[in-house]
Amino acid sequence: MLEFNAPLSTDVLVVGGGIGGLCAAIASARTGARTMVAEKADTRRSGSGATGNDHFACYYPKAHGSDIRVILKELRQSLVGAYHDEKLSLRFLEESIHMVDRWQEWGINMKPFGDDYEFMGHAYPGRPRIWLKYDGHNQKQVLTRQAKKEGVEIVNHLPVIDLIEMDGEIAGALALDVSKDTPTFTVIRARKVVLSTGTANRLYPAAGSPGWPFNTAFCPACTGAAQAQAWRIGAKMVNMEMPNRHAGPKFFARAGKSTWIGVYRYPNGKLLGPFVDRATRYVGDITCDVWNSAYTDVLLNGSGPAYIDCTQTKPEDLAFMREGMISEGLTTLVDYMDRTGLDVSRHAVEFMQYEPHIIGRGLEIDIDGQTSVPGLYAAGDMVGNFRADIAGAAVYGWIAGGHAGASAASCELKNAETSPWVAERAQLYSSFVERESGAAWKEANLAVQQIMDSYAAAGPHRLRSATLLTAGLKYMADLRKNAINEISVPDAHSLMRAIETLDLMDNGEIVMHAALERKETRGMHQRSDYTFTNPLLSDKFLEVWQENGTVRTEWRQCWN
Amino acid sequence: MPPVIDPSKCVGCGTCADICNSNIFVFDRSRDKMPQVKFPEECWHCDSCVLDCPKGAITLRIPLAFTLLHVDAGSLKPQEAKS
């Protein structure tokens, strides 16, 4: 058995120091609660927001007027999609501008163009613009600095690998110290826990380069840890069966598509989308946000490839786009283009649709950000009934952290390290290190990807069915058994990756269980055995969870 | 493989190894003069190490499989029918 360090104790434990986690931690600390962030890498550069972002969904009455529902409609029809409980979206919008004010005060430049906030991009022509354009290149450093200033304790290179529940409530977490070559365990006792582990990537083969699992649009170190860990202790998930696929340049998978200011064209010059024939900094071509299956369609029907063409964009808007890419954290792309002579004023860059990943699907939260497990909260990309990307993570992180901090004092701190669950999980993970030779974690990760791609594929042009999903669940269970019996790791880093791979197996199983129950076709969840989109399910969400080892599902009405 | 550290510029501060979000470096301050890129194929190419290196000692080499596919925009027009 790997060694255990002395247990740590805190009032509020935040799992993952991304945008949601750091904002949750600051809000928690402001209530007076002792607050700790356990981070897999280093909060200054971890997660999908590592090097920046440039758009923040926000309701700003001064610019948008007094009717919040007009902005709610735009939010639901934008890139963040429709899988929201409306009452959560409304609370997010109500509080969003205050978060923007805080970020501005802390040192993230939310007003890069003058004295007031400006809204640009990710918008339909003639409609209100809800995405505040900002310069987020230093967002992680600023939030880290602010968290420390507020008294938050940040422990880097300490990924949480399991949650500990005692007497029906959260009691803490088991973490893995990966700061040295030899891994060790640390139990963190906590009165409340906030999960904020980001998107789940590496679940499906990378669409651009299938042999290269880390060529992902979002951070490849984010692997659905929150969904998996919470699933294992019985938390409810929603919308996991609804696939999401991002789009962007080919073959270098990268988010930030709408920072590009151009229009999408077929090889014959015809426009791909119906929205604009000339892009500006204010209204680009929203095709990529809301109809990104088009990039797959044009490949499979032979009419492609599809390109982004920025050559008709005004020179001042091209310069603006370059600055926007730096704010968005795309310095790698900017450098690459400079080094290779790729010039957007002359060249058209092919775009593609990336593989499915999990964003805005997962943990069901209530209006305060609490999950179905008392004391366990979630904020950010791994929440299943609300999504607004970085703005959503920031605002709901703030709400969840504030609620967790304010209610922590009423809970007792339990000796989480005595839970039999800790011993069981530690024994499993230790066996990978103790086994002298065997399977590498990468074999298991690629095996997860090939099962998901064959048996739980996402549209367009790929179908699911009861027989395929049932086979997929059987094969995933076989894989899990084989992986547990065969994985061998040489160091802490590889153990972390092996545990991520087990988390991905849980994510895959949740997707397949939920996809089996959704007996209809909707979005990119396309069933060959249920081709109809059932209007009766339009305002319902599918909950899925485990109870005493049995998978349960239940349809519920959306919360309006 | 990405990233590439220039040993003539690296001062062994370990910033890159600390901040990498995919933990691809190893660096033992008591033993190593400079960080080693131990898991290059796990690089996300996010540029954090390039941006944060105080000596500008790191460049990212982009793998061939990540090439940005592009054409001359002037070629995006109806193809002339062949006689």
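Trainee: What makes β13(A) and β5(B) a pair of strands?

Mentor: In this predicted model, β13 of chain A and strand β5 of chain B, residues 70-72, are joined by 3 bridges in the antiparallel sense. Two strands pair if at least two bridges are found between them, and the 3 bridges here satisfy that condition. Within this pairing, A:A348 stands opposite B:V71.

Trainee: How many residues does each chain bring to the contact?

Mentor: Chain A contributes 37 residues and chain B contributes 31 residues. On the side of chain A that touches chain B, β12 (307-309), α10 (331-340) and β13 (347-357) each supply at least two residues. The largest share, 4 residues, comes from β13(A). By class, that side of chain A has 17 nonpolar, 12 polar and 8 charged residues.

Trainee: How do you know that chain B is more spread out than a compact globule?

Mentor: One sets its radius of gyration against the globule rule. For 83 residues the rule gives 12 Å, whereas the radius of gyration of chain B is 19 Å, well over that value; chain B is therefore more spread out than a compact globule. The C-alpha trace of chain B spans about 75 × 20 × 20 Å along its principal axes. Of the 83 residues, 36% count as buried.

Trainee: Which elements make up chain B, and in what pattern?

Mentor: Chain B has 2 helices and 5 strands, and along the sequence they follow the pattern β-α-β-β-α-β-β. Among its contacts between residues at least 6 apart in sequence, 56% join residues at least 24 apart.

Trainee: Why are α9(A) and α10(A) called oblique to each other?

Mentor: The axes of helix α9 (residues 315-328) of chain A and α10(A) cross at roughly 135° and come within 7 Å. Angles of 65 to 115 degrees count as roughly perpendicular, and those over 145 as roughly antiparallel. The crossing angle of roughly 135° belongs to neither class, and α9(A) and α10(A) are therefore oblique to each other. Their contact is made by A:R322, A:M325 and A:I326 of α9(A) and by A:T331, A:L333 and A:V334 of α10(A). These residues divide into 4 nonpolar, 1 polar and 1 charged.

Trainee: What makes α4(A) roughly perpendicular to α11(A)?

Mentor: Helix α4 (residues 86-106) and helix α11 (residues 389-408) of chain A pack at an angle of about 95°, with their axes 9 Å apart. Since 65 to 115 degrees counts as roughly perpendicular, α4(A) is roughly perpendicular to α11(A). Among the residues in this contact are A:F92 and A:M99 of α4(A) and A:Y396 and A:W398 of α11(A). By class, the contact has 8 nonpolar, 2 polar and 2 charged residues.

Trainee: Why do β14 and β17 of chain A stand at the edges of their sheet?

Mentor: The sheet is open, with 4 strands in the order β14-β9-β16-β17 and antiparallel pairing. β14 (362-363) and β17 (550-557) of chain A each have a single partner strand, so one side of each is left without a neighbour in the sheet. Strand β16 (residues 540-547) and β17(A) pair in the antiparallel sense over 8 bridges, and A:Q546 stands opposite A:V551 in β17(A). Helix α15 (residues 492-517) of chain A packs on the sheet, touching β9 (237-238), β16 and β17, and its direction makes about 130° with that of β16(A).

Technical notes. Residues numbered from 1 in each chain as written. Chains lettered and ligands numbered in written order. Predicted model: local features only at pLDDT ≥ 70, side-chain atom pairs only at ≥ 80, totals over all residues. Contact = placed C-beta atoms within 7 Å. Axes fitted to C-alpha atoms, helices over the stretch in contact; angles between N-to-C directions. Nonpolar A, V, L, I, M, F, W, Y, C, P; charged D, E, K, R; others polar. Rg over C-alpha atoms; globule rule 2.2 N^0.38 Å. Buried ≥ 20, exposed ≤ 12 C-beta atoms within 10 Å, placed from the backbone. Parallel < 35°, antiparallel > 145°, perpendicular 65-115°, else oblique.
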